[in-house]
Structure formats: structure tokens, C-alpha cells
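Dear colleague,

Please find below the structure that I am handing over to you. The findings follow directly after it, arranged by topic for a first reading.

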Amino acid sequence: MVREKVTVSTRTLQWKCVESRTDSKRLYYGRFILSPLMKGQADTIGIAMRRALLGEIEGTCITRVKFESEKIPHEYSTVGGIQESLHEILMNLKEIVLRSNIYGTCHASICVKGPGYVTAQDIILPPCVEIVDNTQHIANLTEPIDLCIELQIEKNRGYLIKTPQNFQDGSYPIDAVFLPVRNANHSIHSYGNGNEKQEILFLEIWTNGSFTPKEALHEASRNLIDLFIPFLHMEEENVHFEANQHKVPLSPFLFDDKLAKLKKNKYK
């Protein structure tokens, strides 16, 4: 169990891991509490934390596959000596769970001679990448053939949807899901009476094994802090951003003189 404290005003907030388990190599679960919170604060934190857990944490995936054989016309082809179709192999590679500290992309490879099963353990990785579950199935070679594949590995967040293109060079992009957190829920328990009513926030986190729930909680918290840090600094007077190819000045005040003039001219 873990308990940490942070003082806010006259209250001391505490968070604690109240349940932690490993259901499999690719499914971790953790349950955490944060208290005491004032009325409404638990929902504010819970919603923000859930969105950060599901959308702001970077994951590592295989995003492109290149087969050395030039006899594969398209991704739904079958290859002699391989039980799975090319599409099934791509889907199996998509499910491989990786953990890394890379920035951007790197490359890996598979070079196996059949017959036999090809699993995640057969992937030759750079030192900065590791496989969470070596037993994940890739293909079954039924004949003494060589299977050689080049893999592109990328660290990113959210989703990456492949774009249609010519695959004649044997290279196939894979739809990637960079989501280490499989699911996250929050619930609230209220206690006390009247103006002294307080809340306890419960957070449940399921991960794919590339992060533990506690690591995911720390990473999501850091990402939220990074997003809010700019509001702690003084406004930059001459900052501009591009919007529809027009430079628009940034201002936090709705009634700034320049902005008021723009609105006035717009509605004349």
C-alpha cells in the first residue's frame, strides 16, 4: 500500500493505493483513493484524470511492417507454408504490447526458419524497447520456409489510422492504438453534513502491462500539470497563432481594447 500527502490550504490531501492486482501479463488493475476533498472537487479531478489517463499517456506500437518477399500482391494474400494470411499476421503484430523509452521511431526485425510457431519472443529489438508478453502469437510456419520481416516501432499517443497507398514494395502500415490504459473509471463517496460535507475520490485503472496503474497515474498527473503550467506565467504580449491563415493576437481579456474594436467592426 502507498500513501502520500500534499497540503492544500488548511487541509492535507492523501492518496492511497487500496487494491492492486495482475490478472495477466497484459492486464493490470489498480484502485486508488484521494481525500479529503471539498464538495465538487472530486468530480473535477476525476473527469480530468480519466481523460488524461485515456488520452495523454504515450504508448509504443508497431506501426509498419515490411515483408522481404516480393511475391505478396496485397495484404489479404496467403503465403505458402504459413498458416495465417498476411492480414492475420498484421493483426497479430498490431496486438504486440511494447514498452520503451524511445522518442519518435525505431526499427526491429523478425527472421525465422520454419516449421514452427513465431511469437513475440522472435522479435529482435533495439535495447530501448522491451516486450511485455513474449508468448503473443504471430504466425505458424508449417513448412521449412524463411520468414523475414522488418518492423517500424513508434511511440505516440492516441490513435494512428493508416492511409491507403501502393503496397507493392511489401510495406504495410498498421492502425496503431497508443493507449497503455485500457479503461479508467472514477466514483465519489460523500460524507459529513451541511457546509462540512467532504468527498473521497475513487479511481480505477486498467492497463495493458506496459505501465502499471500506479505508473499511469503518475504519468497522467504530470501531463495534466504540464498542460496547466502556462497559465501560471505572465501573458506574452506579442504572441500570435495561425487561424485560417490570419494572425490573431492572443488575449485573456474579452474586453481588451483591440478585441473590442475587432468585434465592433465585424458587426457594423
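Helices and strands are here DSSP runs, a helix having at least four residues and a strand at least two, and they are numbered from the N terminus. On that basis the protein has four helices and 18 strands. Please note that this is a predicted model.

Overall figures

The protein has 268 residues, of which 37% are buried. Its exposed surface comes to about 17,100 Å², and carbon and sulfur atoms supply 52% of that area. Among the contacts with a separation of 6 or more, 66% are between residues 24 or more positions apart.

The packing of helix 1 and helix 3

Two packed helices are described by the angle between their axes and the distance between the axes. For helix 1, residues 41-55, and helix 3, residues 213-228, the angle is about 105 degrees and the axes are 9 Å apart. Helix 1 is therefore roughly perpendicular to helix 3, because angles of 65 to 115 degrees fall in that class. On the side of helix 1, the residues that meet helix 3 are Ala-48, Met-49, Ala-52 and Leu-53. Helix 3 contributes Ala-216, Leu-217, Ala-220, Ser-221 and Leu-224. Sorted by class, this contact between helix 1 and helix 3 has eight nonpolar residues, one polar residue and no charged residues.

Cysteines

A disulfide is a covalent bond between the sulfur atoms of two cysteines. To be counted here, a pair of cysteine sulfur atoms has to lie within 2.5 Å. By this rule there are zero disulfides in the model. As to their surroundings, Cys-111 is exposed, with a relative accessible area of 54%, whereas Cys-148 is buried at 17%.

Two cis peptide bonds

Most peptide bonds are trans. Where, then, do cis bonds occur in this model? One of them runs from Ser-35 to Pro-36, with omega near -5 degrees. Ser-35 belongs to strand 3, which spans residues 27-38, and Pro-36 is found in strand 3 as well. Ser-35 has a relative accessible area of 17%, so it counts as buried, the limit being under 20%. Apart from neighbours within four places in sequence, Ser-35 is in contact with Thr-12, Leu-13, Gln-14, Glu-199 and Ile-200.

A cis peptide bond also joins Gly-114 and Pro-115, where omega is about 0 degrees. Pro-115 sits in the loop between strand 6 (105-113) and strand 7 (116-119).

Tyr-117 and Glu-84

Strand 7 also holds Tyr-117. This tyrosine is exposed, with a relative accessibility of 60%. Not counting residues up to four places away in sequence, Tyr-117 touches Asp-122, His-137, Ala-139 and Asn-140. The C-alpha atom of Tyr-117 is separated by 10.0 Å from that of Gln-83, 34 residues apart along the chain.

Glu-84 is located in the loop between strand 4 (59-67) and helix 2. Is Glu-84 buried or exposed? Its relative accessibility is 8%, so Glu-84 counts as buried. With residues up to four places away in sequence set aside, Glu-84 touches Ile-89, His-137, Ala-139 and Asn-140. His-137, Ala-139 and Asn-140 are thus touched by Tyr-117 and by Glu-84. Between Glu-84 and Ile-138 the C-alpha atoms are 8.8 Å apart, with their positions 54 residues apart in sequence.

Further positions

Glu-95 lies in the loop that runs between helix 2 (86-94) and strand 5 (98-100). Its relative accessible area of 48% makes Glu-95 partly exposed. Glu-95 and Cys-61 are 34 residues apart in sequence, and their C-alpha atoms are 8.4 Å apart in space.

Ser-20 is part of strand 2, residues 11-24. At 58% relative accessibility, Ser-20 is exposed. Its contacts, leaving aside neighbours within four places in sequence, are with Tyr-29 and Gly-30. Ser-20 and Pro-213 are 193 residues apart along the chain, yet their C-alpha atoms are separated by 8.2 Å.

With kind regards

How values were computed
Residues are numbered from 1 along each chain as its sequence is written. This is a predicted model: local features need pLDDT of at least 70, side-chain atom pairs count only at pLDDT 80 or more; totals for chains, interfaces and linings use all residues. Side-chain values use heavy atoms; hydrogens and water are left out. Buried means under 20% relative accessible area, exposed over 50%, partly exposed in between (1.4 Å probe, protein chains only). Contact means heavy atoms within 4.5 Å. Accessible areas come from the Shrake-Rupley method with a 1.4 Å probe; for residues, only the protein chains shown count as cover. Axes are lines fitted to C-alpha atoms, for helices over the stretch in contact, and angles run from 0 to 180 degrees between N-to-C directions. Angles under 35 degrees count as roughly parallel, over 145 as roughly antiparallel, 65 to 115 as roughly perpendicular and the rest as oblique. Ala, Val, Leu, Ile, Met, Phe, Trp, Tyr, Cys and Pro count as nonpolar, Asp, Glu, Lys and Arg as charged, and the others, Gly among them, as polar.
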